[in-house]
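This report walks through a protein–ligand model. It starts at the ligand, moves to the nonpolar cores, and ends with selected residues.

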Amino acid sequence: MIADNLSRVRTRLAQACAQAGRDAGAVTLLAVSKTFGADAVVQAYAAGQTAFGENYIQEAVDKIAALAHLPLEWHCIGPIQSNKTRLVAEHFDWVHTVERLKIAQRLSEQRPPQLAPLQVCIQVNVDGGATKSGVAPAEALTLAHAVAALPRLRLRGLMCIPEPAPDFVAACAVFARAKALFDAINEAGVRLDTLSMGMSNDLEAAVASGSTLVRVGSAIFGARSYPATAT
Ligand SMILES: *Cc1c(COP(=O)(O)O)cnc(C)c1O
């Protein structure tokens, strides 16, 4: 079932790329395995998937340890408290949810020297919810400059999680703001190559708007039996 779901998601991605006039390989698929066990990850791996996203740090660390024999790439896509930075720095390949310099500094200091630099995206609050995670768009460039200077991090791009939009056009309008910010930061001289946006229900709109990485959970693994994001 996971293999079938994955192949449906890959087809959707390929169609979305074709529709947008983009290369089929222009968008990376991140399989969001949060709340699912190591067995589900193994099934997805058997179907050719190697990049996985996790929200809950301790759950992820257990899964990463259980699957250490497989060549998998792990992305942290959940909120990071200061007391969890060490676990993240020691176990993940990527972090999409950097929104404060202090957290970025801790991740850089705690990244073990024998590992490659931690690949990071800055999370941006593109639709402006007052209580939402992510840096305000107006502050993204300043944070990008500061993060790019940290020795053990490698700044790759921006990430956003907009509220579900009523339709395709509305979703594109919000994703377009993230793309404009991504372009502006690149033009300001901070090189970014990753725009992490789009999930199971809005990946077509995200791809049409310039996403380079979609984070897809339920369309691959099925419905989750506990909440999607830690609050
Ligand atoms: C859970 C989650 C996803 C995947 O959501 P689906 O709707 O299941 O595809 C993507 N990104 C983040 C940050 C998430 O927390």
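## Polar contacts of the ligand

This is a predicted model. An oxygen atom of the ligand sits 2.8 Å from an N or O atom in the side chain of R224. A ligand oxygen atom is also 2.8 Å from a backbone N or O atom of S218. R215 makes a polar approach too: a polar side-chain atom of R215 is 2.9 Å from a nitrogen atom of the ligand. On its own, the ligand has 390 Å² of accessible area, and the protein covers 95% of that.

## The shell around the ligand

How many residues surround the ligand? The shell has 15, and the closest are K34, S200, G217, S218 and R224. S218 and R224 thus appear both among the closest residues and in the polar distances above, S218 through its backbone and R224 through its side chain.

What is the chemical make-up of the shell? Seven of its residues are nonpolar, five are polar and three are charged.

## Nonpolar cores

The largest nonpolar core holds 67 residues. Within this core, I122, V147, L158, I220 and F221 touch the most other members. Helix α7, residues 168–187, is the top contributor, with eight residues in this core.

F221 deserves a closer look. Beyond its neighbours within four places in sequence, F221 contacts M1, I2, A31, V32, S33, F36, A40, V41, A44 and F52. There is also a second, separate core of five residues. Among its members are L30, A51, I77 and L213.

## C160: a buried loop residue

C160 lies in the loop that runs between β6 (153–159) and α7. Is C160 buried or exposed? C160 counts as buried because its relative accessibility is 1%, and the cut-off for buried is under 20%.

Its contacts beyond four places in sequence are V124, V126, F175, A178, S196, M197 and R215. R215 is thus a contact of C160 and also has a polar side-chain atom 2.9 Å from a ligand nitrogen atom. C160 and Q123 are 37 residues apart in sequence, yet their C-alpha atoms are 5.6 Å apart in space.

## T35 and R156

T35 is placed in the loop between β1 (28–32) and α2 (38–46). Its phi is near 75°, which is a positive value in a residue other than glycine. T35 has a relative accessible area of 15%, so T35 is buried.

R156 belongs to strand β6. Which side of the burial cut-off does R156 fall on, buried or exposed? R156 counts as buried because its relative accessibility is 16%. Leaving out residues up to four places away in sequence, R156 touches W94, Q119, V120, L192, D193 and T194.

## E109: an exposed helix residue

E109 is part of helix α5, residues 101–110. With a relative accessible area of 67%, E109 is exposed; the cut-off for exposed is over 50%. E109 and L153 are 44 residues apart along the chain, and 9.2 Å separates their C-alpha atoms.

## A165 and A170

A165 is in the loop between β6 and α7. C160 is found in the loop between β6 and α7 as well. A165 has a relative accessible area of 33%, so A165 is partly exposed. Which residues does A165 contact beyond four places in sequence? They are A170 and A171. The C-alpha atoms of A165 and D93 are separated by 30 Å, with their positions 72 residues apart along the chain.

A170 lies in helix α7, the helix that gives the most to the largest core. A170 counts as partly exposed because its relative accessibility is 25%. A170 and A24 are 146 residues apart along the chain, and their C-alpha atoms are 24 Å apart.

Note on methods: Residues are numbered from 1 along each chain as its sequence is written. This is a predicted model: local features need pLDDT of at least 70, side-chain atom pairs count only at pLDDT 80 or more; totals for chains, interfaces and linings use all residues. Side-chain values use heavy atoms; hydrogens and water are left out. A residue is near a molecule or strand if one of its heavy atoms lies within 4 Å of it. A polar contact is a pair of N or O atoms within 3.5 Å; within protein, one must be able to donate a hydrogen and the other to accept it, and residues adjacent in sequence count only if both atoms are side-chain atoms. Accessible areas come from the Shrake-Rupley method with a 1.4 Å probe; for residues, only the protein chains shown count as cover. Ala, Val, Leu, Ile, Met, Phe, Trp, Tyr, Cys and Pro count as nonpolar, Asp, Glu, Lys and Arg as charged, and the others, Gly among them, as polar. A nonpolar core is a set of buried Ala, Val, Leu, Ile, Met, Phe, Trp, Tyr and Cys residues joined through side-chain atoms within 4.5 Å. Buried means under 20% relative accessible area, exposed over 50%, partly exposed in between (1.4 Å probe, protein chains only). Helices (H or I, at least four residues) and strands (E, at least two) are DSSP runs, numbered from the N terminus. Contact means heavy atoms within 4.5 Å.
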